[in-house]
Amino acid sequence: MTHIDIVLNDLLIKAVSLSISDIHFDLLKNSGKILFRRHKHFVEEYPCSAIVQVFEHLRFIAGFDLSKGNMPQTGSFSYVVDDIVYDFRFASIETFNRKHAVLRILNMNQIDTLNDSVVLKTQQKQIRKLIKESNGIILFCGKTGSGKSTTLFNASKELMDHQIFSLENPIERIHDNCVQIELNETLGLNFEEALSQLLRHDPDVIILGEIRSEEDIRQCIRCGLSGHLVMSTIHSGSIQHVLNRLIDLGARIYDLKHVLKGIIHQEMSVSNAGVSVKYTIEGAKEIQARIEAFESSKEN
């Protein structure tokens with residue numbers, strides 16, 4: 001191992017030993033620091049004299065385009081720590097005088113089934129009922145770091161007899177139950193092109209890693225209305241905020257009424273007792289009632 005490999009290895013061993021979920025890098029021109037955080041709470045500062053070298057090494061192993069140093073980028077990789085394979089996502093952003101990055105450990109806690117994600121059996125049953133829909137859109141929502149992607153993919157594992165394809169940017173964790181396609185705008189593989197290709201493979205379920213743009217929701221609605229079940233995540237503080245965001249992104253209320261089959265919102269909280277997740281789950285009838293109330297408020 002090279003010197004920088006040893007430094008990174010020691011850093012990750014320490015992070016894993018403390019069950020850290022996020023490692024923050026903050027580099028100024030003449031100084032820098034590494035902060036350990038667990039579910040948005042500061043744990044401790046990690047002393048390191050080679051912060052810049054570690055930062056650059058992570059950019060390399062995360063597959064960044066190193067010629068675009070000042071562009072925000074996100075990548076992922078796997079790394080073995082104490083004989084266990086951990087999945088990491090590395091995201092960085094640079095300004096004229098500062099570099100900031102977050103290294104997230106995606107599988108710090110082994111939550112690999114729907115039962116692991118959702119404790120209450122009544123809510124497990126609700127989600128299982130929703131994902132049996134043959135078409136439409138099911139959204140998993142919550143704030144950053146709430147675990148919505150984990151819940152989504154764990155739910156998809158319940159669909160053993162389905163052809164499942166995912167479109168992700170980037171692929172963060174490998175899931176054997178679906179065919180994962182990594183979007184790459186640089187190579188011309190955008191959402192629309194990738195979707196056109198995978199539709200030729202007769203998918204039952206299409207997973208979009210995250211809805212971020214007007215184009216994302218437009219294509220989701222297209223698939224949901226054309227006989228496919230679409231599952232995706234979206235950042236939001238509540239179920240009502242999901243509907244507001246979709247409308248802000250250009251979704252037509254008429255389409256949302258017909259295509260939204262379920263919304264699962266989750267909120268993570270941390271206390272002395274540990275980490276807990278609260279779920280709010282609504283099906284098509286509840287969603288339609290919300291949309292109708294929204295329409296009435298606009299008319300008045």
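## The N-terminal end

M1 sits in the segment that comes before α1 (3–17). This is a predicted model, so please read everything below with that in mind. M1 counts as exposed because its relative accessibility is 69%. Even so, M1 has some company: leaving aside neighbours within four places in sequence, this residue is in contact with I6, N9 and Y79.

## R59 and its surroundings

Let us move on to helix α2, where R59 is found. Is R59 buried or exposed? R59 counts as buried, because its relative accessibility is 5% and the cut-off for buried is under 20%. Its list of contacts, not counting residues up to four places away in sequence, takes in F64, D65, L66, K68, G69, Q73, F90 and E94.

Which residue does the side chain of R59 meet in a salt bridge? The partner is E56, with an N to O distance of 2.9 Å. The pair also appears as a polar contact of 2.9 Å between the two side chains. Both residues belong to helix α2 (residues 51–61), and because they are 3 residues apart, about one helical turn separates them. In general, an α-helix has 3.6 residues a turn, so residues three or four places apart point the same way. E56 is partly exposed, with a relative accessible area of 28%, whereas R59 is buried at 5%.

## Other salt bridges

How many salt bridges does the structure hold? There are 14. As a general point, side chains of opposite charge can pair when their charged atoms come close. One of the pairs here is R218 with E215, whose side chains meet at 3.1 Å, N to O. Helix α7 (residues 214–225) contains both of them, 3 residues apart, or about one turn of the helix. R218 is partly exposed, with a relative accessible area of 44%, and E215 is also partly exposed, at 27%.

Another salt bridge brings together the side chains of R290 and E282, at 2.8 Å from N to O. R290 counts as partly exposed because its relative accessibility is 26%, while E282 counts as buried at 11%. Elsewhere, salt bridges with shared partners link E56, R59 and K99 into one network.

## Nonpolar cores

Now for the nonpolar interior. The largest nonpolar core has 31 residues, and L246 and L260 are the ones that touch the most other members. What does L260 contact once neighbours within four places in sequence are left aside? The residues are I137, L139, L243, L246, A284 and I287.

There is also a second, separate core, made of 30 residues. Among its members are F25, F64, V81 and I105. F64 may look familiar, as R59 touches this residue too.

## Q180 in strand β9

Q180 is a polar residue worth a look, placed in strand β9 (residues 179–182). Q180 counts as buried because its relative accessibility is 17%, and the cut-off is under 20%. Its side chain makes a polar contact with the side chain of E168 at 2.8 Å. The side chain of Q180 also reaches the backbone oxygen of R173, at 2.8 Å.

Both of those partners turn up in the wider contact list of Q180, which leaves aside neighbours within four places in sequence: S166, E168, I171, R173, I174 and H175.

## A mostly covered helix

How many of the 9 residues in helix α5 (residues 148–156) are buried? The count is 7, so the helix is mostly covered because buried means under 20% relative accessible area. The buried residues are K148, T151, L152, F153, N154, A155 and S156.

## A nonpolar patch on the surface

To finish, here is a feature on the outside. V270, V275 and V277 form a nonpolar patch on the surface, and together they offer about 200 Å² of accessible area. V275 lies in strand β13, which covers residues 274–283. How accessible is V275, and what does V275 count as? Its relative accessibility is 43%, so V275 counts as partly exposed.

Key: Residues numbered from 1 in each chain as written. Predicted model: local features only at pLDDT ≥ 70, side-chain atom pairs only at ≥ 80, totals over all residues. Heavy atoms only, no water. Patch = residues over 30% accessible without salt bridge, like charges linked within 9 Å, V, L, I, M, F, W, Y side chains within 5 Å. Areas by Shrake-Rupley, 256 points an atom, 1.4 Å probe, with all protein chains shown as cover. Salt bridge = Lys/Arg side-chain N within 4 Å of Asp/Glu carboxyl O. Helix = DSSP H or I, 4+ residues; strand = E, 2+ residues; numbered from the N terminus. Buried < 20%, exposed > 50% of the residue type's maximum accessible area, 1.4 Å probe, protein only. Core = buried A, V, L, I, M, F, W, Y, C linked by side-chain atoms within 4.5 Å. Contact = heavy atoms within 4.5 Å. Polar contact = N/O pair within 3.5 Å; in protein donor to acceptor, adjacent residues only side chain to side chain.
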